[in-house]
Amino acid sequence: MDASLAAEIAHKSYSGTGKAGTPRLLNFTLEARAHKEPVWRVDFDDPDETSIYVSSRSGVVLEHRNSTWRLFDLFWMLHIMDYSERTNFNNPLLISNAIGGLWMALTGVWLLFSSLRLAEFVPSRCRRCRSVNLVEGNGTPLRAVEALQGETVFQALAHSGLQLPSNCGGGRSCGLCEVRCLGRAPEPTGADRALLAPQKLAAGYRLACNLPVTRSTDIDVENALASSAERVGVVTGVKPLTPFLREITVRPDRQVKCRPGAYVQIHVPAYVRDPSHLDVPGDHQQDWRAAGSLSALANDAPVRRSYSISIPMECAGSQLTFLVRFMPGERPGRGSGYMYTLKVGNELGFSGPFGDFALKPGSREKVFIGGGAGMAPLRVMIHELLLKGATEQLHFWYGARTRRDAPYVDEMRAFASGHPNFHWHLVLSEEKAENGAPAGLVHEAVLEGLLRRHQDIGSLEFYVCGPPAMLSSTRAMLRSLGVAEADIAYDDFKI
């Protein structure tokens, strides 16, 4: 078969209006992959870009191909995952991905059924009534709440108007709604183990949103319910401390008692506000522009967000003081977006105080490690200790990206100058610190600057609060040094 004969055969096999080009002899092509022999390819200049393949040996027309077929062939290759000859359904890549897909489907079905409870599909009128008995730690009964079998303790209390603290609304992700089961506690679930410390699990603590009511249950909620009623305060001050940290002071409608380390839950309503509501000082505007454009601030349903008290109330005229961090971007936080648009005179709903992040009794040497808005609970603890004349050694290591991102630096310097037992260390990750120390991470600075030189790490107490990555790295570092969990108090913001 020569080129002219191949062109003649192809032309007779073609019924379109295009003109034939010069035939090309090919030893192999994917478009005629079923035929392992040299073939003539004849292209036609029609809109479909038709090609006809003719056997160089027998003159038989083997294939007709066009642009539609080529597009199909591309997706066919992706579908069967045979990237060489596009014909093998049983290639190893396809088989391994099929097994992986089957595994994901089966585990997904298992997770679906494990996350649902059969009682949720049973009509309320068909369920038995149980009771959740609220008991003080010493065993004194407080109140009995009716519950339908299969409900969670969180739901049962909420139906009775008793709202436990929660950022996730009972979604088993924040870990705030912990209660202590009196008597025999059920086996902890994965959510319990992920969000509660081993010591608490051993003491019978469980997440109320993950604790089904299968029988009458006695639980101790400590002071959570007493503090859960909504209160109202008036914003008395909004002070930008750094480009993305603000101090907000609130005067509550009645006296609130907050111990150092406690937090309150701000009741964030549904809102939609334009970014123009944000008051950005002139010396911070460049930082905001560098962070990118800001979309509308919005929240489609009421939520609650937790904020730690940052200074003892007696030092702030019986007011609540919060340190609020704003993370700019396309989807800013619903709580911080609301807090950053507050003006002096606005009313603010809150409940609390809550939390078990607190100073331990005694006068052991203390190390405070913080970053970001984690300054708030550590600052109030240091205020409390110095106010009461603590004589033990106090070390405060605070990490920030740059000096502009660090709040209350002048206050901490003043504490260090006026109290010989207080030592302040500012650690910057993106520039050298004022004392000439190289840039680095705060947990690494603590390790090199204090712990490697300390004669008895076991005599120290640690208080840690900051962003999740910093908190995780610091706790891992302390565990690697053999520090007991009981000597590490931390607040993970429950996010």
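The buried residues of helix 2 pack against strand 4 (61-65) and helix 3 (92-115), and that makes a good place to begin a walk through this predicted model. Which residues of helix 2 are buried? They are W69, D73, M77 and I80. These four cover an arc of only 85° around the axis, so they sit on the same side of helix 2. Turn to the face that points away from this buried side, and you will find the exposed residues T68, L71, F75 and H79.

Helix 2 also lets us try a little check on its length. It runs over residues 67-80, which makes 14 residues, and at 1.5 Å a residue these should span 20 Å. The C-alpha atoms at its ends are 20 Å apart, so expectation and model agree.

Now step off the end of the helix. In the loop between helix 2 and helix 3 you meet R86. Is R86 buried or exposed? With a relative accessible area of 18%, R86 falls under the 20% limit and therefore counts as buried. Leaving out residues up to four places away in sequence, R86 touches L30, R33, D73, L74, W76, M77 and I80. Three of these names may sound familiar: D73, M77 and I80 are among the buried residues of helix 2.

The backbone of R86 deserves a look too. Most residues other than glycine have a negative phi. R86, however, has a positive phi, near 65°. E49 is another residue other than glycine with a positive phi, here near 55°. You can find E49 in the loop between strand 2 (39-43) and strand 3 (51-55). At 49% relative accessibility, E49 counts as partly exposed, whereas R86 is buried.

Let us move further along the chain, to helix 7 (residues 285-290), which contains D287. This residue is partly exposed, at 24% relative accessibility. Setting aside its neighbours within four places in sequence, D287 is in contact with P243, F244 and R404. I248 is 39 residues from D287 in sequence, and their C-alpha atoms are 20 Å apart.

Next comes strand 17 (residues 347-354), where F354 lies. F354 is buried, with a relative accessible area of 4%. How far apart in space are F354 and A416? From C-alpha to C-alpha they are 30 Å apart, with their positions 62 residues apart in sequence.

After strand 17, the loop that leads to strand 18 (365-371) holds L359. L359 has a relative accessibility of 24% and so counts as partly exposed. Beyond its neighbours within four places in sequence, L359 is in contact with K366, F368, M381, E384, L385 and Y463. Take M381 from that list: it is 22 residues away from L359 in sequence, yet the two C-alpha atoms are 7.0 Å apart.

M381 brings us to helix 9, where it is one of the buried residues. Two other contacts of L359, E384 and L385, are also among the buried residues of helix 9. How many residues of helix 9 are buried? The count is 12 of its 13 residues, so this helix is mostly covered, going by the under 20% limit for a buried residue. Charged residues are included, for R379 and E384 appear among the buried ones. The length check works here as well: the 13 residues of helix 9 (residues 375-387) should span 18 Å at 1.5 Å a residue, and its end C-alpha atoms are 18 Å apart, which agrees. Helix 9 is followed by G389, which has a positive phi, near 75°.

Our last stop is a pair of helices. Two packed helices are described by the angle between their axes and the distance between the axes. Helix 11 (residues 442-451) and helix 12 (residues 468-480) pack at an angle of about 30°, and their axes are 9 Å apart. An angle under 35 degrees counts as roughly parallel, so helix 11 and helix 12 are roughly parallel to each other. Helix 11 brings V442, H443, L447 and L451 to the contact, while helix 12 brings M470, S473, T474, M477 and L478. What kinds of residues meet there? The contact of helix 11 with helix 12 has 6 nonpolar residues, 3 polar ones and no charged ones.

Note on methods. Residues are numbered from 1 along each chain as its sequence is written. This is a predicted model: local features need pLDDT of at least 70, side-chain atom pairs count only at pLDDT 80 or more; totals for chains, interfaces and linings use all residues. Side-chain values use heavy atoms; hydrogens and water are left out. Axes are lines fitted to C-alpha atoms, for helices over the stretch in contact, and angles run from 0 to 180 degrees between N-to-C directions. Angles under 35 degrees count as roughly parallel, over 145 as roughly antiparallel, 65 to 115 as roughly perpendicular and the rest as oblique. Contact means heavy atoms within 4.5 Å. The expected span of a helix is 1.5 Å times one less than its number of residues. Buried means under 20% relative accessible area, exposed over 50%, partly exposed in between (1.4 Å probe, protein chains only). The arc is that of the directions from the helix axis to the C-beta atoms.
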